[in-house]
Amino acid sequence: MPDAGRTLPRNDPRQYDDLAGEWWRPDGAFAMLHWLAEARAALVPPASRPDALLVDLGCGAGLLAPHLAGKGYRHVGVDLTRSALAQAAAHGVAAVNGDATAVPLADGCADVVAAGELLEHVPDWRRAVAEACRLLRPGGLLVLDTLNDTALSRLLAVRIAERLPTVPKGIHDPRLFVDARALVAECARHGVGLRLRGIRPGVPGLLGWLARRMRGADRPEATVAGPAPRIVPTWSTAVLYQGRGTRSG
């Protein structure tokens with residue numbers, strides 16, 4: 001697997017071009033994004049009207065798409081990385097090359113906005129939140145997940161995680177992690193009442209997956225045999241958390 005932090009600064013978007021072949025490997029560099037996409041999609045109800053639109057900010061290669069199948073949405077994905085968008089389009093996502101802080105879509109166009117593992121990669125997460133809320137129609141749903149701006153989060157998500165063979169070094173800049181209370185307040189300022197809950201990978205599944213993955217570390221092209229870990233709720237939002245809220249009006 002390429003070392004994403006070897007020559008590029010932390011959180012440099014060019015890392016995703018270097019890792020383009022990893023997106024759809026269930027045991028590759030973006031394995032946890034698959035688990036999180038499934039958990040995020042579980043927050044999205046079936047569409048309540050014909051032609052309902054879901055805007056997927058920071059969609060990457062479209063990992064959310066398989067988990068939305070049958071829910072009745074037109075799935076539009078917005079991302080800066082063209083190599084990822086090409087893969088998203090191949091999985092049925094209407095791909096839009098754009099910045100999450102200046103989305104080229106109309107006000108109130110979306111029934112659902114998803115912002116999965118995005119805010120901790122955006123230099124100005126408040127602008128991204130404002131855009132997500134702007135896109136929502138009254139009664140529309142915002143779903144998101146991100147990393148909290150805490151010492152524990154920086155320890156687990158950067159110092160420890162990047163020592164594992166499956167996590168790209170430099171993929172996160174801990175200076176961009178998002179304080180949970182500030183996020184709730186910012187969403188409220190834009191008319192969205194956001195409720196949070198902590199989440200984490202289930203421990204037995206994660207340990208089993210890591211053991212299988214490390215046994216296969218000398219064969220990076222191999223696929224890990226066995227069930228993927230599930231993302232489960234936890235009492236603390238100190239590291240990883242989900243948000244779900246509806247726009248008023």
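A cavity is a set of points on a 1 Å grid over the protein atoms alone where a 1.4 Å probe fits but cannot get out, and its lining residues have an atom within 4 Å of a point. These close-ups come from a predicted model, where local features need pLDDT of at least 70 and side-chain atom pairs pLDDT 80 or more, while totals for chains, interfaces and linings use all residues. Residues are numbered from 1 along each chain as its sequence is written, and side-chain values use heavy atoms, without hydrogens or water.

**View A. A cavity with a nonpolar lining.**
The count comes to 1 cavity of 30 Å³ or more, with a volume (the space filled by probe spheres on the grid points) of about 50 Å³. Around it sit Leu57, Ala115, Leu118, Leu119, Ala128, Val129, Ala132, Leu142, Leu144 and Cys187. That makes 10 nonpolar residues, with no polar or charged ones. Helix H5 (125-135) and strand E5 (136-147) each chip in at least two residues, and H5 gives the most, with 3. Helices (at least four residues) and strands (at least two) are DSSP runs.

**View B. Leu119, one of the lining residues.**
Look for Leu119 in the loop between strand E4 (110-116) and H5. Leu119 counts as buried (under 20% relative accessible area, 1.4 Å probe; exposed is over 50%, partly exposed in between), because its relative accessibility is just 2%. Thr146 is 27 residues away from Leu119 in sequence, yet their C-alpha atoms are 6.2 Å apart.

**View C. Helix H2 (residues 31-41), mostly covered.**
Here 8 of the 11 residues are buried. Among them are His34, Trp35 and Arg40, along with Ala31 and Leu36.

**View D. Asp111 and Arg49 in a salt bridge.**
A salt bridge puts a side-chain nitrogen of Lys or Arg within 4 Å of a carboxyl oxygen of Asp or Glu. In this one, the closest N and O atoms are 2.7 Å apart. Asp111 sits in strand E4 and Arg49 in the loop between H2 and strand E1 (53-57), 62 residues apart. Asp111 is buried at 6% relative accessibility, whereas Arg49 is partly exposed at 39%.

**View E. Asp107 paired with Arg134.**
The N to O distance in this salt bridge is 2.5 Å. Asp107 lies in the loop between strand E3 (94-97) and E4, and Arg134 in helix H5, so the pair ties together parts 27 residues apart in sequence. Asp107 is exposed, at 57%.

**View F. Glu186 and Arg189 within helix H7 (residues 180-189).**
These two are 3 residues apart, about one turn of the helix, and their salt bridge has its closest N and O atoms 2.8 Å apart. Glu186 is buried at 8% relative accessibility, but Arg189 is exposed at 61%.

Notes:
On a 1 Å grid over the protein atoms alone, a cavity is a set of points where a 1.4 Å probe fits but cannot get out, and a pocket is an open set with protein on both sides within 12 Å along at least five of seven lines; lining residues have an atom within 4 Å of a point. Ala, Val, Leu, Ile, Met, Phe, Trp, Tyr, Cys and Pro count as nonpolar, Asp, Glu, Lys and Arg as charged, and the others, Gly among them, as polar.
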